[in-house]
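Reader: Got a minute to go through this one with me? Put it up and I'll start asking.

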Amino acid sequence: MILTAPFVILMILVFVLMYLFAKTIDHRKWVILVIALVLTPLIYFYVVYPLLNIFSSYHHEKYFDKMAWKEKPAVRYEMSGDIIDKKLLKDRSKTEVEHLLGTCDWYSWDDSLKFNSPDHWNYNLGVKPGAFNRANEYLEISFENNRAKHIKQYQIEKTFE
């Protein structure tokens, strides 16, 4: 799990609320501190985080892990930010990218060629959690001269017929 500013701020906020709650139970400082320290992660991960996922598209980000990427494609969106931010694929060959991410899910359409170009790889990232989120996330890697040059993440809204 990557420690992001929203995560730290929310944890501090939950800790302060748990500290204030514990003060209503007991007036001994060490008891209040122990209760707040024990309750903070429980309340955050079992109350605050699920509510955030329901009403927003906020999610924890993870560092890129080659095995997790290949074994759990439904949660690739958690690692895509790390790939883009650290430019892990920039200037890598197709072979190196395939070694890290596995075989691409499909090639993007190229209007100039009028067919799917093997220089535009796409990976399905899954759907970010959230009650109102219906968009699929994708990662597109564009190659020039067999080297990864452009990496972007995009969404396509799911439609139900």
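Reader: How do S2 and S3 pair, parallel or antiparallel, and over how many bridges?

Author: Antiparallel, over seven bridges; S2 is residues 115-127. This is a predicted model: local features need pLDDT of at least 70, side-chain atom pairs count only at pLDDT 80 or more, and totals for chains, interfaces and linings use all residues. Numbering runs from 1 along each chain as its sequence is written, and side-chain values use heavy atoms, without hydrogens and water. Strands (E, at least two residues) and helices (H or I, at least four) are DSSP runs numbered from the N terminus; pairing takes at least two DSSP bridges between two strands.

Reader: Which S3 residue is the bridge partner of Trp121?

Author: Ile141.

Reader: And what about S3 with S4?

Author: Antiparallel again, over 10 bridges, with S4 at residues 147-157. Ser142 has His150 as its bridge partner in S4. The two strands form a hairpin with two residues between them. Asn145 in that turn has a positive phi of about 55 degrees.

Reader: Why is S3 largely enclosed?

Author: Because nine of its 10 residues, 135-144, are buried (under 20% relative accessible area, 1.4 Å probe, protein chains only).

Reader: Switching to cores. How many residues are in the largest nonpolar one?

Author: It has 17. Such a core is a set of buried Ala, Val, Leu, Ile, Met, Phe, Trp, Tyr and Cys residues joined through side-chain atoms within 4.5 Å. Those with the most contacts inside it include Phe64, Tyr123 and Ile141.

Reader: Which elements give two or more residues to it?

Author: Helices H4 (77-85) and H5 (94-101), plus S2 and S3. A second, separate core of seven residues includes Met18 and Tyr44.

Conventions: Buried means under 20% relative accessible area, exposed over 50%, partly exposed in between (1.4 Å probe, protein chains only).
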